[in-house]
Amino acid sequence: MFIQTESTPNPATLKFLPGQTVLDMGTADFPNADAAGGSPLAQRLFAVEGVTGVFFGNDFVTVTKGDSADWDHLKPAILGAIMEHFQSGQPVMADGAVQTGGHAAHDGADSEIVGQIKELLDSRVRPAVAQDGGDITFHGFDRGVVYLHMQGACAGCPSSTLTLKMGIENLLRHYIPEVTEVRPVAV
């Protein structure tokens, strides 16, 4: 098994590409070891000292390290953990474990606008964010303000505010005049 690695805009996060499907659909975010109970792979990765976050996409795994950890020491252990997991035949997610990757439901007077926002996020934004090892989900729309949640490599990335404000906000405002601002939310 050959696992490729790619850097991300977040220097604390690396993207690992195992060359096979990680999740059939959706994403899974494990912001800490306590959240990894539903995933044998995430548990194995958090067993590597210095790992502080794990995120799964369709064909990638992103791993976030702590400030004191060094990629030169972590990377071989992470590659080994991913390889061991896929060779073990265990599932990535345990039966009944929750995956995300969807958007929060929204109904009411703004439901048509929200539909347009979700469509733009799914067609234009999420594929680009996935290239950087992350995901973005819709969490609400209120009085012109769109609330979004960044995950994976995008969570805590130094350029995430710029991505939200200059990229996503400008895109949404261009296509949907009712949008006046985009704000991040923590979940």
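In this predicted model, residues 24 or more positions apart account for 62% of the contacts in the chain with a separation of 6 or more. The chain holds four helices and eight strands, and an assignment divides the chain into domain 1 (4-88) and domain 2 (110-184). The radius of gyration is 17 Å, which agrees with the value near 16 Å for a compact globule of 187 residues.

**Fold and dimensions**

- Read from the N terminus, the order of elements in the chain is β-β-β-α-β-β-α-α-β-β-α-β.
- The C-alpha trace spans about 50 × 35 × 25 Å along its principal axes.

**Domains**

- Domain 1 covers residues 4-88, and domain 2 covers residues 110-184.
- A distance of 24 Å separates the C-alpha centres of domain 1 and domain 2.
- Contacts between the two domains involve 12 residues of domain 1 and 15 residues of domain 2.

**Surface, burial and charge**

- Of the 187 residues in the chain, 45% are buried.
- The exposed area of the chain is about 9,500 Å², and carbon and sulfur atoms supply 50% of that area.
- The chain carries 11 positive and 22 negative charges.
- The mean position of the positive charges and that of the negative charges are 5 Å apart.

**Residue L79**

- L79 is part of helix α2, which comprises residues 71-88.
- Because its relative accessible area is 21%, and buried requires under 20%, L79 is classed as partly exposed.
- With residues up to four places away in sequence left out, L79 touches I3, T5 and F16.
- One of these partners, I3, is 76 residues from L79 in sequence, yet the C-alpha atoms of L79 and I3 are 7.1 Å apart in space.

**Residue E169**

- E169 belongs to helix α4, which comprises residues 160-175.
- E169 has a relative accessible area of 9%, which is under the 20% cut-off, so E169 is buried.
- Once neighbours within four places in sequence are set aside, the contacts of E169 are L164, T180, E181 and V182.

Methods
Residues numbered from 1 in each chain as written. Predicted model: local features only at pLDDT ≥ 70, side-chain atom pairs only at ≥ 80, totals over all residues. Heavy atoms only, no water. Helix = DSSP H or I, 4+ residues; strand = E, 2+ residues; numbered from the N terminus. Rg over C-alpha atoms; globule rule 2.2 N^0.38 Å. Buried < 20%, exposed > 50% of the residue type's maximum accessible area, 1.4 Å probe, protein only. Contact = heavy atoms within 4.5 Å. Areas by Shrake-Rupley, 256 points an atom, 1.4 Å probe, with all protein chains shown as cover. Lys, Arg positive; Asp, Glu negative; His and termini not counted. Charge placed at Lys NZ, Arg CZ, Asp CG, Glu CD. Domains from an automatic or database assignment.
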